[in-house]
Amino acid sequence: MQDSQTAKLTVGSNTYEFPIETATTGEKAIDIGKLRARTGLVTLDDGLANTAACKSAITYIDGEKGILQYRGIPIETLAEQSTFTETAYLIIYGELPTRRQMSDFAQKVLKNASLHEGMMHFFDGGFPFTAHPMAILSSLLNSVGCYYPYMVTNHREQDLEHFNDAAALLISKVRTIAAMAYRMKNGLPMIYPKRNLGYSQNFLHMMFSEPYHEYYPNDEISKALDLILLLHGDHEQNCSTSTVRTVASSGANLFSSVSAGVSALWGPLHGGANQQVIQMLQHIHDAGIKVEDYVEGAKKGQYRLMGFGHRLYKTYDPRAVILRSAAGRVLDVIKTRDPLLDIARHLEEKARSDSYFIERNLYPNVDFYSGLILKAIGIPIDMFTVMFAIGRMPGWIAHWYEVASQVKGRITRPRQIYTGYTTRGYVKMRNRDWENSSDYELEDNKGAQSKE
Ligand code: CMC
């Protein structure tokens, strides 16, 4: 149906040609921008699984081959040679920084590490202790912008003018807000960031130091945390990033766009899966369930094997491969034997030799092993998705910028296939056949009745 330049669509007796766009890596897409205007038809694509919603130059994934690259650099290379802050720069600005650029960026991140004292009130009764840290994070990322009104104008040119400062500020403040949320929830005194610590070290310090007792993280521990953040840096058009881009497409500022990204990330099918993986492993452990039986339950559709499967990867998620060996290393360093790691390895082995998982290409994803490392570091389970959010911040920022800097960007506004009633009349209250109509003697209904 297609030659090298166009694709032909036949509807009834009419044939239409549509241009084919080619990615730098060779994938092709039919440009259906004029589809409705020319044919009267729209496309229906549940979960947008076949739809390229935008053009983007940030991250490349080949799910069949298990390839992930940020700005063209393989994730394995970055995991081995880079740091989270340097990779954040790469994701946001498109190039690895020079020494000078790196130093300036790191200084900006450091300078923004503390929170405005006004924001401390949020942690002093502003949220109940039971609040989930993702709810706190989403709210406070939006709120933090209020302290920098010149960065939050919703006027594209003005917002873009302050982009560099806003980007470094968010990379920094997301970490501080996360740590403060943890301390507030646990009734611990606030610990302020330190100038002499690196990004991940500072996070661990803010989480675990006490006013009377400094926490000095082992080098391997802060490296493992840095690695987790780096591996989460970006992942092209996933649910939360698409959300950020959608919000940005309306002209909304960077702060509110990333705040929406946090909300999208919270769900258990997305970033919330890392929390669910540990809960699943713990449940298997505590209830003494045989791994084989648990796998059978997943096959029968009683539940999903959390940390398994991915919309794009039809082989191992390359991030999971890196984290699987990192998990072993971290547990060795802290000289802990976590029975959950054994259960995870056993689950992986069983699932990978089972035809259900083989036929559906269900492999461990990034969330399968990251939770085990976070748990070993001492991060509480309800903070796992927050860690994902800290890591994903550079990606959200880069995607916001890509949308905001488009000269002819359009607001995201999909169509739908309507499945509701077709046109019908309004039935007056007295003519509606309600059972127990006295139950409906509510204020609103009285108002409606009196209008009749
Ligand atoms: N356990 C058991 N069966 C599964 C699983 C799983 N984890 N994932 C998919 N399937 C089955 C599913 O039931 C379906 O089977 P069938 O064809 O018989 O109906 C088939 O595989 C395809 O599933 P799908 O829901 O159409 O796949 P999707 O691409 O829409 O969903 C997913 C992708 C990640 C939401 C899904 O695999 C899942 O729910 N996984 C568990 C949650 C998880 O680990 N999420 C983290 C994703 S990675 C981090 C991130 O980027 O967010």
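Where does the second largest pocket lie? In this predicted model, domain 2 (71-267) and domain 3 (273-376) both contribute residues to the lining of that pocket, so it sits between them.

The space in the second largest pocket comes to about 660 Å³. There are 30 residues lining it, and those closest to its centre are Ser82, Thr83, Ser222, Lys223 and Asp226. Several helices help build the wall: helix H2 (75-81), helix H4 (99-111), helix H8 (199-208), helix H9 (219-231) and H14 each put in at least two residues. H9 gives the largest share of the lining, with 7 residues.

Here's how the lining of the second largest pocket splits up by residue type:

| Type of lining residue | Number |
|---|---|
| Nonpolar | 11 residues |
| Polar | 10 residues |
| Charged | 9 residues |

Now for a single residue, Arg311. You'll find Arg311 in the loop that runs between helix H13 (291-299) and helix H14 (318-333). Is Arg311 buried or exposed? Its relative accessibility is 51%, so Arg311 counts as exposed, the cut-off for that being over 50%.

Which residues does Arg311 touch, once its neighbours within four places in sequence are set aside? Those are Gly47 and Ala49. With Gly47 there's a polar link as well: the side chain of Arg311 reaches the backbone oxygen of Gly47 at 3.0 Å. As for Asn50, 261 residues separate it from Arg311 in sequence, yet from C-alpha to C-alpha the two are 11 Å apart in space.

Methods:
Residues numbered from 1 in each chain as written. Predicted model: local features only at pLDDT ≥ 70, side-chain atom pairs only at ≥ 80, totals over all residues. Heavy atoms only, no water. Helix = DSSP H or I, 4+ residues; strand = E, 2+ residues; numbered from the N terminus. Buried < 20%, exposed > 50% of the residue type's maximum accessible area, 1.4 Å probe, protein only. Contact = heavy atoms within 4.5 Å. Polar contact = N/O pair within 3.5 Å; in protein donor to acceptor, adjacent residues only side chain to side chain. 1 Å grid on protein atoms, 1.4 Å probe; cavity = no way out; pocket = protein on both sides within 12 Å on 5 of 7 lines; lining within 4 Å. Points joined across faces, edges and corners; volume = space filled by probe spheres on them. Nonpolar A, V, L, I, M, F, W, Y, C, P; charged D, E, K, R; others polar. Domains from an automatic or database assignment.
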